[in-house]
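Got the viewer open and a cartoon on screen? Here's a short tour, one selection at a time.

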Amino acid sequence: MNTERSFKDQAMAVLEDVVDPELAIDIVNLGLIYNVELDEQGLCTVTMTLKIAGCPLTEYLNAAIEEELMALEQVKQVKINLVWEPAWSIDKMSREAKLELGIH
């Protein structure tokens, strides 16, 4: 079994508990999380974007992401790598998120 893959699955599952308060959809289904990696020292790096630059929820989301990931026993530290490329669009949202927001 590939433990890196299972860690990523675990991380993505706990990150579904982080909900964007503006849309009431979690950040995974919104398509904001691009990657989650864990190194041998327990540093979990989250590569993600935001819907808009200067998002007022940045600090809230960062704190919620860190709280969820630190609950995983392998994680000793969380680093959030905020990127703007590729840019976020509604195409990155899951089918469920689109349906919930009435986007077809």
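Start by selecting Asp-26: this is a predicted model, and in it Asp-26 is buried yet has no salt bridge. Which side chain of opposite charge is nearest? That's Lys-51, 12 Å away, whereas a salt bridge would need the charged atoms within 4 Å.

So what does the side chain of Asp-26 have for polar company? Show Asn-29 as sticks: its side chain makes a polar contact with the side chain of Asp-26, at 2.8 Å. Now add the backbone of Val-28, where the nitrogen sits 3.0 Å from a polar atom of the Asp-26 side chain.

Keep Asp-26 selected and bring up what it touches beyond four places in sequence: Leu-15, Glu-16, Val-18 and Val-19. Then switch back to cartoon, and you'll find Asp-26 in strand 2, residues 25-26.

Next stop, the sheet. Select strands 3, 4 and 5: they make an open sheet in the order 3-4-5, with mixed pairing. Strand 3 (33-38) and strand 5 (77-82) each have a single partner strand, so they are the edges, and one side of each has no neighbour in the sheet. Look along the sheet and follow the twist, which averages 15 degrees from one strand to the next.

Zoom in on strand 4 (residues 43-48), which pairs with strand 5 in the parallel sense over six bridges. To pick out one residue pair there, click Met-48, whose bridge partner in strand 5 is Leu-82.

Last selection: helix 2, residues 58-70. Helix 2 lies across strand 4 and strand 5, and runs at about 140 degrees to strand 5.

Note on methods
Residues numbered from 1 in each chain as written. Predicted model: local features only at pLDDT ≥ 70, side-chain atom pairs only at ≥ 80, totals over all residues. Heavy atoms only, no water. Pairing = 2+ DSSP bridges. Helix = DSSP H or I, 4+ residues; strand = E, 2+ residues; numbered from the N terminus. Axes fitted to C-alpha atoms, helices over the stretch in contact; angles between N-to-C directions. Contact = heavy atoms within 4.5 Å. Buried < 20%, exposed > 50% of the residue type's maximum accessible area, 1.4 Å probe, protein only. Lys, Arg positive; Asp, Glu negative; His and termini not counted. Polar contact = N/O pair within 3.5 Å; in protein donor to acceptor, adjacent residues only side chain to side chain.
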